Amino acid sequence: MYKICAFSTIYSHKWMKKIYDLNIPNVEFEVIIYENLSNLENLFTGNYLKFDGIVFSGQIPYLHIRKTLQKEATRIPCMFFDITERDFYYKLAEVQYNDPTFHFNESIIDFIYEENNYLGLKAWLPEDNFPYLLSETIQVFGLTNAYEVVSKRHLQLLKEKKVRYCFTRLTNLYTYFDEVDVEPILVVPTEKSMESTLQKLIKEIELISLKNSQVVCGHLVFSYMANDMQEFEYRQIALYKAILDFNRKSAISLISYRNAIHYEIITNYGDYVNITNNSTNCSLANFLRQELPFKVRIGWGIGKTLQDAQIQAETASTYCNDSVTESYVLTRENQLVGPLEGENFLILSEDTSVMIDDIASKTNISSFQLQKIYTLMTMLKKDELTADEISLHLSITTRTANRLLKKLEECQYATVQTNVVHKGKGRPKNVYKVKFW
């Protein structure tokens, strides 16, 4: 049983309540009335987690929430009831029947724009007979003063005697018409178009439900001295306790168990999205930084099977820097994202992955190593690297880093910079300009 919330004003409730009469199986509806857009924000924030999907009475509340509560709105499927061509032409036929002198160029229609293909009018209506519009784009309904913008446009055209007919979606537009003796022509969705919108919403809910059931694996590993077993056992116990404390604090039940040298977490995609704020900021990494005196590398893996997710998670953890607690994720499409630290994260696109695979085949360097170098360059925002920098950030020996750079140089993907001034004592370090594109 899916629960769907419908947000409506008191003016729209007359037609919105028809939602209860629709015969849609396995769906429970609840209509919530809001007084104004500020009140809508509060009601949405306080209620959206109780439902599987949200539908709005029109464009204004939908675009307002998408703009002001972007983070919350992306966590749940949201749609709005729109006017279809069938709805519009049904009302249009009624108007023309009641008034044979009707002309389109004496009308304003505030709900046709480029995004809905002007409800087909431009395909057959001559330009000199085309109605007045509110805007060429739906985005005007996302303005904070959208109601005032709509009413002002209608009233201006009426006062200038350019129009005789005002077609509108706004059920409260008549409240702005005290100064004019014109009744706006309200066009609302029919039950058929309402049902069509809700069926689309249900499909989106089902897709998200299917996606949220994916298995996600977390791979947590810490560094230790091989000959200090007492410290190793302490870190194992401390990490396990921290994971339990995180479960309790976040009210998320992560399945965790200890492997020989690492901890593994198993959860679903929905909980992973909550933990990582949709793959942008890992709250588990933030928590472990505060709770533990040592560093933890966290790799998240998303795969078709648990085994795939485990492999992805272990691979993702190798991208972490040993000097800080941080996390990366490797998706089922082999897209690397990280570090998950707010805005400072990298998404390795599919095109970039193809490019790196091509370089790997030509240099005989593994794609895995090349991805790490590419990630390092992106994080440091520079393309000039030394072997010491690669060694430090990739947790490999300087000798291995030198060997990788020389291979890139031999295949013309790197050149030694001769004009770099060496600072400090000792033998000058080669600085390589790496060219992946």
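**Exercise 1.** In which kind of crossing, left-handed or right-handed, does helix 8 pass helix 10? Work out too how the two helices are oriented to each other.

*Solution.* Keep in mind that you're looking at a predicted model.
- Step 1: Find the two elements. Helix 8 covers residues 229–250 and helix 10 covers residues 283–291.
- Step 2: Two packed helices are described by the angle between their axes and the distance between the axes. Here the angle is about 125 degrees, and the axes are 10 Å apart.
- Step 3: Give the angle a name. Angles of 65 to 115 degrees count as roughly perpendicular and those over 145 as roughly antiparallel. The pair fits neither class, so helix 8 and helix 10 are oblique to each other.
- Step 4: Add the handedness: helix 8 passes helix 10 in a right-handed crossing.

**Exercise 2.** Find out which parts of the chain the salt bridge between Lys159 and Glu179 ties together.

*Solution.*
- Step 1: Side chains of opposite charge can pair when their charged atoms come close. In this pair, the N to O distance is 2.8 Å.
- Step 2: Place the partners. Lys159 sits in helix 6 (residues 146–159), while Glu179 is in the loop between strand 7 (165–168) and strand 8 (185–186), so the bridge links parts that are 20 residues apart in sequence.
- Step 3: Check the surroundings. Lys159 has a relative accessible area of 51%, and Glu179 has 60%. Exposed means over 50%, so Lys159 is exposed and Glu179 is exposed too.

**Exercise 3.** Do the same for the salt bridge between Asp383 and Lys433, then look at the whole structure.

*Solution.*
- Step 1: The closest N and O atoms of Asp383 and Lys433 are 3.0 Å apart.
- Step 2: Asp383 belongs to the loop between helix 13 (367–380) and strand 16 (384–385), and Lys433 to strand 18 (residues 432–434), so this pair ties together parts that are 50 residues apart in sequence.
- Step 3: Asp383 is partly exposed at 25% relative accessible area, and Lys433 is partly exposed at 27%.
- Step 4: Some salt bridges share partners: Lys241, Asp245 and Arg248 are joined that way into one network.
- Step 5: Now for the total. A search of the whole structure turns up 10 salt bridges.

**Exercise 4.** Ser279 and Gln412 each have a positive phi. Decide for each one: buried or exposed?

*Solution.*
- Step 1: Most residues other than glycine have a negative phi, and most peptide bonds are trans. Yet phi is near 65 degrees for Ser279 and near 70 degrees for Gln412.
- Step 2: Ser279 is in the loop between helix 9 (269–276) and helix 10. Gln412 is in the loop between helix 15 (398–410) and strand 17 (414–416).
- Step 3: Ser279 is buried, with 16% relative accessible area, whereas Gln412 is exposed, with 65%.

**Exercise 5.** Which residues form a nonpolar patch on the surface together with Ile33?

*Solution.*
- Step 1: Locate Ile33: strand 2 (residues 27–33).
- Step 2: Ile33 counts as partly exposed, at 35% relative accessibility. Patches take residues with over 30%, so Ile33 passes that cut-off.
- Step 3: The other members are Ile10, Tyr11 and Tyr174, and the patch has about 400 Å² of accessible area together.
- Step 4: For contrast, try Tyr328 in strand 13 (residues 326–330). Tyr328 has 0% relative accessibility and counts as buried.

Terms used
Residues are numbered from 1 along each chain as its sequence is written. This is a predicted model: local features need pLDDT of at least 70, side-chain atom pairs count only at pLDDT 80 or more; totals for chains, interfaces and linings use all residues. Side-chain values use heavy atoms; hydrogens and water are left out. Patches are made of residues with over 30% relative accessible area and no salt bridge: like charges are joined within 9 Å, nonpolar side chains (Val, Leu, Ile, Met, Phe, Trp, Tyr) within 5 Å. Accessible areas come from the Shrake-Rupley method with a 1.4 Å probe; for residues, only the protein chains shown count as cover. A salt bridge is a side-chain nitrogen of Lys or Arg within 4 Å of a carboxyl oxygen of Asp or Glu. Helices (H or I, at least four residues) and strands (E, at least two) are DSSP runs, numbered from the N terminus. Buried means under 20% relative accessible area, exposed over 50%, partly exposed in between (1.4 Å probe, protein chains only). Axes are lines fitted to C-alpha atoms, for helices over the stretch in contact, and angles run from 0 to 180 degrees between N-to-C directions. Angles under 35 degrees count as roughly parallel, over 145 as roughly antiparallel, 65 to 115 as roughly perpendicular and the rest as oblique. A crossing is left-handed if the near helix is turned anticlockwise from the far one by less than a right angle, and right-handed if clockwise.
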